[in-house]
Structure formats: structure tokens, C-alpha cells
Amino acid sequence: QVQLVESGGGLVQAGGSLRLSCAVSGSIFSMNVMGWYRQAPGKQRELVAHIIIADGSTNYADSVKGRFTISRDGAKNTLYLQMNSLKPEDTAVYYCNAVKWGDSMSRGNYWGQGTQVTVSS
């Protein structure tokens, strides 16, 4: 069973930065797509950014483009989200997600436990 362990959340002032990490049990290259989602109180969970593990191609929500950067480190089996120029509306619980393509026996969709990010104005 794949486990994802997030870290790096916290309280930061508007305009500040945080870096989230998501450690993957096993090889990160066993996953096909990984991403960061967030859920604010009273709102639905939304995609923040995702990355294709094999080639490193990325995609971002419009609300974070130019401020957030998703990346992966194969040597450390870790996914990152660098968040700059944080705004109060970025306040949410951030979740790491990993998707493995394949047949019914091998595919999987995995979630971390979430890490709280709070941005004060």
C-alpha cells in the first residue's frame, strides 16, 4: 500500500512563502501523476497543481499560476509545492495525491493526510 506523508504547512503572513513536501513510500516513479489539492472550510476540494512524473510536465490552477511551483525529486521520492506570494485566500488544508495507471489489479489513487496552510492578512 502506497503511503503519502505531507509536511511543511503552517501559519504565514500574506506575501510570504512556504514549501510543502510529500514523501512517497517506495519509488515516486511507480506513480504516473501526482498533484496537490486544497480544501478551504465550506468549499469543495480543488486541484492546485499536478505533474506528470515521467516527463515533469506540469499544470496549475489559474489562481496559483506564477506563484506556486510543483516539482518532484526522484532521489528523495518526494513531491514539493513551493508557494510564494501567499494570499489569505490560499488558506486551506493541502492534500498530496498520487495516481497509478494500470489494470484493475495495479491501478491506484492515493491521498495524504493533509497539512494546514493559514495565511494571515
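The structure holds 4 salt bridges, and they make a good starting point for a tour of this predicted model. Side chains of opposite charge can pair when their charged atoms come close. Three of these pairs are listed here.

| Salt bridge | Closest N to O distance |
|---|---|
| Arginine 38 and glutamate 46 | 2.7 Å |
| Lysine 65 and aspartate 62 | 3.1 Å |
| Aspartate 90 and arginine 67 | 2.8 Å |

Take the pair of aspartate 90 and arginine 67. Aspartate 90 sits in the loop between E8 and E9, while arginine 67 belongs to the loop between strand E6 (58-60) and E7, so this salt bridge ties together parts that are 23 residues apart in sequence. Aspartate 90 is buried, at a relative accessible area of 0%, and arginine 67 also counts as buried, at 11%. Through shared partners, salt bridges join Arg38, Glu46, Arg67 and Asp90 into one network. Within that network, arginine 38 is buried at 6% relative accessibility, whereas glutamate 46 is partly exposed at 37%. Aspartate 62, the partner of lysine 65, is exposed, with a relative accessible area of 65%.

Now for a covalent link. Which two cysteines form a disulfide? They are cysteine 22 and cysteine 96, whose sulfur atoms lie 2.1 Å apart. Cysteine 22 is in strand E3 (residues 18-24) and cysteine 96 in strand E9 (residues 92-100), so the bond ties together parts that are 74 residues apart in sequence. A search of the whole structure finds 1 disulfide. The torsion about its S-S bond is about -80°, which means that the disulfide is left-handed. Are its two cysteines buried or exposed? Cysteine 22 is buried, with a relative accessible area of 0%, and cysteine 96 is buried at 0% as well.

The strands come next. Strands of a sheet pair through backbone hydrogen bonds, either parallel or antiparallel. One open sheet has 4 strands in the order E1-E3-E8-E7, with antiparallel pairing. Its edges are strand E1 (4-7) and strand E7 (68-73), each pairing on one side only. On average, neighbouring strands of this sheet are turned by 15° against each other, direction ignored. Between E7 and strand E8 (residues 78-83) there are 6 bridges, and aspartate 73 stands opposite threonine 78 of E8.

Strand E11 (residues 115-120) has two partners to look at. Strand E2 (residues 10-13) runs parallel to E11 and is joined to it by 4 bridges; here leucine 11 has threonine 118 as its bridge partner. E9 pairs with E11 in the antiparallel sense over 3 bridges, and tyrosine 94 stands opposite threonine 115. In a regular strand the side chains alternate between the two faces of the sheet. In E11, Thr115, Val117 and Val119 make up the covered face, while Gln116, Thr118 and Ser120 make up the uncovered one.

Finally, the interior. The largest nonpolar core has 31 residues, of which Leu4, Met34, Trp36, Leu81, Met83 and Tyr94 touch the most other members. Strands supplying at least two residues each to this core include E3, E8, E9 and E11. Leucine 79, in strand E8, is buried with a relative accessible area of 0%. Leucine 79 and methionine 34 are 45 residues apart in sequence, yet their C-alpha atoms are 7.7 Å apart in space. Leaving aside neighbours within four places in sequence, the contacts of leucine 79 include Met34, Trp36, Ile51 and Ile70, and also Cys22 and Cys96, the two partners of the disulfide.

Notes: Residues numbered from 1 in each chain as written. Predicted model: local features only at pLDDT ≥ 70, side-chain atom pairs only at ≥ 80, totals over all residues. Heavy atoms only, no water. Disulfide = S-S within 2.5 Å. Buried < 20%, exposed > 50% of the residue type's maximum accessible area, 1.4 Å probe, protein only. Pairing = 2+ DSSP bridges. Axes fitted to C-alpha atoms, helices over the stretch in contact; angles between N-to-C directions. Core = buried A, V, L, I, M, F, W, Y, C linked by side-chain atoms within 4.5 Å. Contact = heavy atoms within 4.5 Å. Salt bridge = Lys/Arg side-chain N within 4 Å of Asp/Glu carboxyl O.
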